[in-house]
2 protein chains.
Amino acid sequence: MPEIHIRDAEPGDVPAILRMIRELAEFERQPDAVSATEADLLRDGWGAEKRYSCRIAELDGAVAGFALWFHNYSTWEGRAGIYLEDLYVTESARGQGLGERMIVDLAQLAVRAGFRRLDLSVLDWNPARDFYHRLGLQQRTEWLPYRVTGAALLALAAKAAPAG
Amino acid sequence: MPEIHIRDAEPGDVPAILRMIRELAEFERQPDAVSATEADLLRDGWGAEKRYSCRIAELDGAVAGFALWFHNYSTWEGRAGIYLEDLYVTESARGQGLGERMIVDLAQLAVRAGFRRLDLSVLDWNPARDFYHRLGLQQRTEWLPYRVTGAALLALAAKAAPAG
């Protein structure tokens with residue numbers, strides 16, 4: 001049986017994490033979307049302001065996947081939760097339960113912390129939707145995600161307050 | 001002209017914030033969804049582990065709205081962004097531009113911090129969707145939000161690893 005081990009990411013994992021971020025972007029049909037650098041991931045994972053947490057999945061001792069998450073917040077519950085930004089298993093390691101092990105690991109982390117939510121987003125065509133359904137996640141069909149970015153964000157920030 | 005002022009929330013605002021969280025839950029047709037207490041909001045806003053940030057909108061010197069947000073993270077960009085969890089203007093203060101001022105304020109905060117995204121979610125029937133469109137936000141139709149919570153989260157955390 002393959003040996004699966006889930007552990008916290010360390011600064012030395014950053015090159016592997018960035019490589020897997022790029023592989024995931026390719027899978028998500030956005031191969032040119034990744035502008036992140038190793039320096040960015042080091043700063044935001046281990047710098048003065050920690051912006052994300054990351055768990056690494058090892059298969060027989062080799063890095064084979066990652067789960068990168070941050071804290072979200074529920075004003076209804078008055079407590080933080082876990083938002084899973086990226087879950088990825090390298091192609092050669094798929095079908096051996098690493099993804100499920102990482103999700104269960106995060107659910108355990110949430111429960112231990114007293115959180116009541118694990119959230120994520122998935123592309124509408126991604127077969128991982130079945131995987132998430134099987135693990136008890138439910139689609140939140142009534143909530144629509146919106147974003148402003150790029151030139152539109154700059155334009156919004158430059159909007160003058162009405163006189164008054 | 002009404003005088004609008006946007007400022008950081010302070011611990012003394014927590015009773016007003018919780019009251020507005022409840023009003024927003026009522027507007028969102030989930031009047032019983034709020035279990036948060038003032039102690040929760042104090043701990044998570046000003047305690048050892050800061051879990052959210054909050055801006056207050058004042059109209060002619062009185063609290064009339066709030067914008068509660070946290071940092072999300074983009075692995076593609078290798079930087080944090082702003083996720084706006086709640087934006088609310090009290091009923092009597094609507095139509096005077098407070099919501100727009102709070103969104104512009106957050107866009108400015110994002111740009112100053114070097115962030116490239118402002119994200120939020122809105123209920124499919126909420127007329128605020130037009131407001132967000134007008135300010136340059138776009139619906140991300142291909143990304144579907146999923147969540148596991150309650151008994152399903154506990155069941156997921158209790159899932160045993162397969163033998164091996």
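Two strands count as paired if DSSP finds at least two bridges between them, and the elements themselves are DSSP runs numbered from the N terminus, helices being H or I runs of at least four residues and strands E runs of at least two. The model is predicted, so that local features need pLDDT of at least 70 and side-chain atom pairs count only at pLDDT 80 or more, while totals for chains, interfaces and linings use all residues. Residues are numbered from 1 along each chain as its sequence is written, chains are lettered from A and ligands numbered from 1 in the order in which they are written, and side-chain values use heavy atoms, with hydrogens and water left out.

**Exercise 1.** Determine how strand E3 of chain B is joined to E4(B) and to E2(B).

*Solution.* Begin with E4(B), residues 79-89, which pairs with E3(B) in the antiparallel sense over 10 bridges; within this pairing B:Ala67 stands opposite B:Leu87. The two strands form a hairpin with four residues between them, and B:Gly78 in the turn has a positive phi of about 65°. Next take E2(B), residues 53-59, which runs antiparallel to E3(B) and is joined to it by seven bridges, with B:Val63 of E3(B) as the bridge partner of B:Glu58. Here too there is a hairpin, with two residues between the strands, and B:Asp60 in the turn has a positive phi of about 50°. Finally, consider the cover of E3(B), residues 62-74: 10 of its 13 residues are buried, where buried means under 20% relative accessible area, as found with a 1.4 Å probe on protein chains only.

**Exercise 2.** Write down the strand order of the open sheet and identify the strands at its edges.

*Solution.* The sheet has seven strands in the order E1(B)-E2(B)-E3(B)-E4(B)-E5(B)-E7(A)-E6(B), with mixed pairing. E1 (4-8) and E6 (138-139) of chain B stand at the edges, and because each has a single partner strand, one side of each is left without a neighbour in the sheet. At the E6(B) edge, the antiparallel partner is E7 of chain A, residues 143-149, joined to E6(B) by two bridges; one of the bridge pairs is A:Tyr146 with B:Gln139. Helix H5 of chain A, residues 150-157, packs on the sheet, touching E7(A) together with E5 (117-123) of chain B, and its direction makes about 80° with that of E7(A). Helix H3 of chain B, residues 98-113, also packs on the sheet, touching E1, E2, E3, E4 and E5 of chain B, and makes about 165° with the direction of E4(B). These angles run from 0 to 180 degrees between N-to-C directions, the axes being lines fitted to C-alpha atoms, for helices over the stretch in contact.

**Exercise 3.** Describe the packing of helices H1 and H2 in chain A.

*Solution.* H1(A), residues 14-27, and H2(A), residues 38-46, pack at an angle of about 115° with their axes 10 Å apart. They are therefore roughly perpendicular to each other, a class that covers 65 to 115 degrees. The residues that meet, by contact of heavy atoms within 4.5 Å, include A:Ile17 and A:Leu18 from H1(A), and A:Leu41 and A:Trp46 from H2(A).

**Exercise 4.** Establish how chains A and B are related.

*Solution.* Chain A can be laid on chain B with an RMSD of 0.0 Å by a turn of 180° and a shift of 0.0 Å along the axis. The two copies are thus related as by a two-fold rotation axis, the superposition being by least squares on the C-alpha atoms of residues with pLDDT of at least 70 in both. Moreover, 100% of the interface residues of chain A are also interface residues in chain B, so the copies meet through the same surface.

Notes. Buried means under 20% relative accessible area, exposed over 50%, partly exposed in between (1.4 Å probe, protein chains only). Angles under 35 degrees count as roughly parallel, over 145 as roughly antiparallel, 65 to 115 as roughly perpendicular and the rest as oblique.
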